[in-house]
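Welcome! Please take a moment to look over the chain below, and then we can walk through it together.

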Amino acid sequence: MRYISTRDRNHSLTSAQAILQGLAPDGGLYLMDAMPDPINPASLRNASYQSIADAILRLFLPDYPEQAIRRCVSEAYDDKFNDPAIAPLRPFDGGSLLELWHGPTSAFKDLALTILPRLLSSAYEQNHLEDTISILTATSGDTGKAALAGFADVPHTAVTVFYPEIGVSPIQKLQMQTAAGRNVSVIALQGNFDDCQRLVKAAAGDPGVRSACRHVRISSANSINIGRLIPQIVYYFSAYLDLVRSGTVQCGEPVSFIVPTGNFGDILAGYLAREIGLPVQHLVCASNANHVLTDFLETGTYSTHRSFQPTISPSMDILVSSNLERLLYLASGRDEELIRSLMGALSDSGSYTVPASMLERIRQVFRGCWADEAETMKEIHDFHEESGLLIDPHTAVAMHAFRSYRREFPEIPCVVLSTASPYKFPRAVLSAVQGKPADMDDFEAMRQLSALSGMPVPQGLAELPGLPVRFRRVIRLEEGLSAIAERMEELSHD
Ligand SMILES: *Cc1c(COP(=O)(O)O)cnc(C)c1O
């Protein structure tokens, strides 16, 4: 199996090279040139999370030595996670919640970013490189801290995170500003997430940045890197197998997954799981007030001509969902010419429309639904009333979509992906639960939520107020590329 660009199948690499590279030089994203043979879920019936990860990674990373994969898996999914199941499934009335926030930074990004640095280091050794790998990361709030934690002091790597100055939650900002590690740097950008993502995508092609890169190679920890998506396939399988083991579904019976979506990475991993044999009925794409994807699934037109809405689910405040390109590529029967023309239209005019037959094919699997701010708050409140459980605003957006999906398909078992700990957004959650504004700081809100629910505050969040703030730099958009060039220059001299 080789990895090819969605815009040029003649550009082909091994999986290790694709992970090192991040984004293809033509601006496309890497995908396997053919899907691997399907896995029968029954063959994993008694497997641990780590064994499922091992099986899936081997399938998608055929050029990695098996031993290297086993080592990456066992080092990533250990007691850094505060639940031995890694991604436990919690039943509630009518469905199941897949808790993806038991990792070191309390968001689902940890499932991929605890292992990506290890996969990169292994690729580095396999390819006998000597350059420093400089990871540029755009974040809407959660990827940044997960990447900083995952790459801190990893040999041969350096990580630079760009986050929107306004938009991320106060806890998310503090998590990044206090990041530890000699090889990390954090910069706030006066713009939104889309600006951050555009900047890091442009960097590798910028002449100023290129000439500053001596013995430095640029790569990405965003979900444009295929090394982010492959580890995310694992928890779709683990959730399904948990349902089989608990007797909720018969092995082979289809289930639907409700996925709170921003950059379309998480839900695309679900699609890849389906492609290799997981019985998935629907993937429900849940959006917040930035519902560009819901509109696309309804009309076939993807249009960024709309105003960017900052919400209480900031990690989904995105208008340009990069990974949709991978779905379009697969759903068009790998028509790279069509992809080049759609992506050209997106960058020239901010919108594109896909052929009707292609939209039809996509809609056989994907459904869209969105929640406004009031609906999100109501969902946090109602779910707590009904189940006694706290959910964060991103999970609440998915829960809203779940309720509407279930009205249409009451017979299909559903898994709702819970992507962040409620303690990451404590004031929004407390105020939703109590039905009144939470006039206090985030740490007081955390204490009150913990008293209310009996759930302990995760250690990584509880310790934040005691940590020194290391990074305060804020730059304007137009300073972005020169800031990257400057950083590459520094790394060249290290
Ligand atoms: C990143 C993130 C999402 C969106 O995931 P994508 O892969 O970007 O679609 C949803 N919820 C939370 C908490 C996140 O951090």
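## A tour of the chain

At a relative accessibility of 69%, H128 counts as exposed, where exposed means over 50% relative accessible area, buried means under 20%, and partly exposed lies in between (1.4 Å probe, protein chains only). H128 sits in the loop between α5 (116-126) and β6 (132-138). Its phi is near 50°, a positive value in a residue other than glycine. Most residues other than glycine have a negative phi.

Before going on, a word on the model: it is predicted, so local features need pLDDT of at least 70 and side-chain atom pairs count only at pLDDT 80 or more, while totals for chains, interfaces and linings use all residues. Residues are numbered from 1 along each chain as its sequence is written, and side-chain values use heavy atoms, leaving out hydrogens and water.

**Three loop residues**

H156 also has a positive phi, of about 65°, although H156 is not a glycine. The table sets H128 and H156 beside T248, another loop residue.

| Residue | Loop between | Relative accessible area |
|---|---|---|
| H128 | α5 (116-126) and β6 (132-138) | 69%, exposed |
| H156 | α6 (142-151) and β7 (157-164) | 41%, partly exposed |
| T248 | α10 (226-245) and β10 (255-260) | 46%, partly exposed |

T248 and A420 are 172 residues apart along the chain, and their C-alpha atoms are separated by 25 Å.

**A buried threonine**

Is T143 buried or exposed? With a relative accessible area of 6%, T143 is buried. T143 belongs to helix α6; helices here are DSSP runs (H or I, at least four residues), strands are E runs of at least two, and both are numbered from the N terminus. Beyond its neighbours within four places in sequence, T143 is in contact (heavy atoms within 4.5 Å) with K109, L113, T137, A138, A221, N222 and R228.

**Two helices, end to end**

The expected span of a helix is 1.5 Å times one less than its number of residues. For the 15 residues of α16 (residues 373-387) this gives 21 Å, and the end C-alpha atoms are 21 Å apart, which agrees. The 16 residues of α17 should span 22 Å, and its end C-alpha atoms are 23 Å apart, which agrees too.

Which residues of α16 are buried? They are T376, E379, I380, D382, F383 and H384. An α-helix has 3.6 residues a turn, so residues three or four places apart point the same way. The buried residues of α16 pack against β4 (89-92), β5 (95-99), α17 (393-408), α18 (426-434) and α19 (442-453). In α17, the buried residues include P393, H394, T395, F402 and Y405.

**The whole chain**

Now let us step back. The chain has 21 helices and 16 strands. Its radius of gyration is 21 Å, close to the 23 Å that the globule rule gives for 494 residues, so the chain is as compact as a globular protein of that length. That radius is taken over C-alpha atoms, and the rule is 2.2 Å times the number of residues to the power 0.38. Along the principal axes, the C-alpha atoms fill a box of roughly 60 × 50 × 45 Å.

Buried residues make up 61% of the 494 residues. Among contacts with a separation of 6 or more, 75% join residues 24 or more positions apart.
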